[in-house]
Amino acid sequence: MPPASALSGWTLLSLRPHHRHGAVRRAAAAQGGRVLAISPYELLALDAGAALQAALHCPIRIASSPAAVTFAAAQANLHGDWLAIGTATAKALRRSGAASVQTAEPQNAEGLLALPELSDCQDKPIGLITAPDGRGELERVLPERGAQLQIAHVYRRQALPLPESAHRSLRGLGPDSAVLVSSRAAFAEFWRQLDDAERDKISRTLCIASSVRLLDYLQTLGLQKLRLAAGTQSTAMLAALGEAIAAHEREG
């Protein structure tokens, strides 16, 4: 973890869902950073019904995010054993009554897929609690490995138009700025709403990606200054940013 002053003077662009920037605000403030919160979407509940019950009855159950846990727990009991993408999701599961929760390193879909429980899935029933267009890697890879995947979509993403104040803030970003990218869906919706000048500015701004898949995706859009984090949690994203800043200072 970088020292407390490592992010002093830096602006961190957070693309988390509406009303869900609290964790990154607290983590950034602890290191002297400022968060510019721009939400390309909000999260809305979906009634998963029988699909959720089917997923919960599987011997292996996966929660893709803290939001997935929150929306699922509003519909059903989440006791039992779980796999989770990241410590924040694990904490949410424990608060909701889970008996045990296992995470992986790195704390993303790739890390979870490397666990022994998921490496040999032939004919195993696996429940996945998530959102449509969410952790696509899990939904793609697990059936390829022979899993009997039961998917419960417990919430959805609703796109939000970026307000004019957000566009003004983007145009005013200085050199000590970074974009935190932990969701392809969020960044895609954000990118879709930018004009050419804004896209050019973001393409030259330091971006922290939470997975190799996200990093590759950002490269296809022409983003030039990329750094890989160890996972989606705020502390991992800020640690990668701190390392990038320190490396630049050494080089400069």
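**Burial of helix H3 and an aromatic cluster**

Good morning. I begin with the surroundings of helix H3: its buried residues are covered by elements that include strand E3 (41-45), helix H2 (49-56), strand E4 (60-63), helix H4 (87-95), strand E7 (125-130) and strand E9 (155-159). Please bear in mind that this is a predicted model. The helix itself spans residues 66-73, and the residues buried in it are Ala67, Ala68, Val69, Phe71 and Ala72.

I turn now to the aromatic side chains. The count of aromatic pairs in the model is 4. One of them joins Phe187 and Trp191: the ring centres are 5.7 Å apart and the planes meet at 25 degrees, so this pair is stacked, the limit being under 30 degrees. Where do these two residues sit relative to each other in helix H9? They are 4 residues apart in this helix, which covers residues 184-192, and are therefore separated by about one helical turn. Both Phe187 and Trp191 are buried.

Phe187 also pairs with Tyr217, and here the arrangement is edge-to-face, with 6.5 Å from centre to centre and 90 degrees between the planes. This second pair connects distant parts of the chain, since Phe187 belongs to helix H9 and Tyr217 to helix H11 (residues 212-220), with their positions 30 residues apart.

Is each partner buried or exposed? Phe187 has a relative accessible area of 0% and is buried. Tyr217, at 12% relative accessibility, also counts as buried, because the cut-off is under 20%.

To close, ring pairs join Phe187, Phe190, Trp191 and Tyr217 into a cluster. Thank you.

Notes. Residues are numbered from 1 along each chain as its sequence is written. This is a predicted model: local features need pLDDT of at least 70, side-chain atom pairs count only at pLDDT 80 or more; totals for chains, interfaces and linings use all residues. Side-chain values use heavy atoms; hydrogens and water are left out. Rings of Phe, Tyr and Trp (its six-membered ring) pair if their centres lie within 6.5 Å; planes under 30 degrees apart count as stacked, over 60 as edge-to-face and the rest as tilted. Buried means under 20% relative accessible area, exposed over 50%, partly exposed in between (1.4 Å probe, protein chains only). Contact means heavy atoms within 4.5 Å.
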